[in-house]
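Me: Please take a close look at the enclosed space in this model and at what surrounds it. I'd like the cut-offs spelled out as you go.

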Amino acid sequence: MTLPIYSLTELRTVLKRDDMLRVVRDACIQHAQDNIISAKSGELMFQEPPGDCHIRLGYFRGGQTFVVKLAMGFYENPSKGLETNNGLMLVFSSQTGKIVALLNDQGWLTSWRTAAAGALAAKAGAPSHITALGVLGTGHQAEHQAQWAAHLLGTDRVFIWGRDPTRATRLAEKLEHHGLTVYVAATVEKVFEHCNVIITCTPSTQPIVPVSAVKPGTHIVALGSDSLGKQELDPQILSLARVIMTDDHRQCAERGELAHALRAGLIANTADISLGQVLAGNLPGRLGADDITVADLTGLAAQDIAIATLAVGLVQAMKPGDASTATCNQSESTPEQTITIG
């Protein structure tokens with residue numbers, strides 16, 4: 001049989017930000033309503049050089065397909081002239097097991113669905129008045145979060161902090177080309193001084209946000225602690241939070257920021273609420289203007305299923321030749337290929 005392989009070029013051509021926000025929002029809600037069948041995510045951790053590989057798989061109840069996703073990040077790659085992230089998604093029929101498509105997305109589908117989830121979580125707990133958006137991190141996920149969250153929050157003021165000031169300045173310059181007014185902060189504390197919505201997206205294994213930096217009315221979206229051993233927030237921050245949203249309680253209690261606060265005995269196991277329930281309008285993400293609120297995100301198979309299903313449907317609906325007109329970088333795959341499976 002012939003296996004369709006959809007390239008990053010084709011995926012970039014058909015996938016639009018508003019469509020991805022819509023399906024990721026719905027995926028979070030479906031996950032919260034137990035409409036997803038998924039296995040526990042797998043991961044491989046690497047030390048020399050530092051990196052990780054995540055494996056997720058699942059399907060929507062009653063859905064026609066199931067998805068297996070591999071996504072990896074090797075954090076010293078930029079110094080070698082390589083992209084930090086890579087990966088692919090495999091889409092199968094849930095009726096026959098026949099493979100439907102291979103999405104050679106090079107890790108971008110994971111990046112986009114993470115950007116969508118972060119932006120949605122930022123909006124879910126944000127104060128009514130946004131002073132500015134803060135982003136901790138300088139990688140491509142930080143770039144996505146700045147653009148997508150600023151779009152949903154309705155702000156053009158962004159503060160960036162990173163361990164490497166040169167990379168932070170470079171990211172600020174890129175974001176300014178997208179119409180944002182961007183400031184590079186010298187310290188994490190300076191970001192919190194100017195911003196009341198902050199997104200953390202670093203691979204840190206030690207807290208980078210001290211509890212002393214967090215003032216009343218601040219909303220934090222923590223994305224980086226998606227694997228065992230990672231941590232971005234002082235766990236005392238969660239003890240001060242009036243609302244803690246998690247994308248998945250079990251995952252966050254095992255590897256997220258929630259896990260560190262639970263192990264320290266600072267919060268109860270029932271302290272968090274479901275982000276999906278907040279997005280569905282069933283629970284509030286913020287109760288008062290002065291609340292400290294936290295969204296702890298570890299990633300969902302539901303999001304991968306949703307964005308892969310959307311991508312396959314859109315690419316298959318394209319007229320022949322449409323995707324091939326898109327510009328393709330040399331590092332990307334060529335437009336749709338097929339291979340024969342014996």
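**The cavity and its surroundings**

Reply: The largest cavity holds about 30 Å³ of space, a volume being the space filled by probe spheres set on grid points joined across faces, edges and corners. This is a predicted model, where local features need pLDDT of at least 70 and side-chain atom pairs count only at pLDDT 80 or more, while totals for chains, interfaces and linings use all residues. Residues are numbered from 1 along each chain as its sequence is written, and side-chain values use heavy atoms, without hydrogens or water.

Searching the whole structure turns up 1 cavity of 30 Å³ or more (points on a 1 Å grid over the protein atoms alone where a 1.4 Å probe fits but cannot get out; lining residues have an atom within 4 Å of a point). Its lining is made by Glu83, Asn85, Gln106, Gly107, Trp108, Ser111 and His140. By class, that gives 1 nonpolar, 5 polar and 1 charged residues (Ala, Val, Leu, Ile, Met, Phe, Trp, Tyr, Cys and Pro are nonpolar, Asp, Glu, Lys and Arg charged, the others, Gly among them, polar).

Trp108 and Ser111 of this lining fall within helix α3, residues 108-125 (helices are DSSP H or I runs of at least four residues, strands E runs of at least two, numbered from the N terminus). The axes of α3 and helix α11 (301-317) come within 10 Å and cross at roughly 115°, with axes fitted to C-alpha atoms over the stretch in contact and angles running from 0 to 180 degrees between N-to-C directions. From α3, Leu109, Thr110, Trp112, Arg113 and Ala117 meet Gln303, Asp304 and Ile307 of α11 (heavy atoms within 4.5 Å). These contact residues divide into 4 nonpolar, 2 polar and 2 charged.

On the wider scale, an automatic or database assignment divides the chain into domain 1 (5-109 + 301-318) and domain 2 (120-296). Their C-alpha centres are 23 Å apart, and the contact takes 20 residues from domain 1 and 23 from domain 2.

Terms used:
On a 1 Å grid over the protein atoms alone, a cavity is a set of points where a 1.4 Å probe fits but cannot get out, and a pocket is an open set with protein on both sides within 12 Å along at least five of seven lines; lining residues have an atom within 4 Å of a point.
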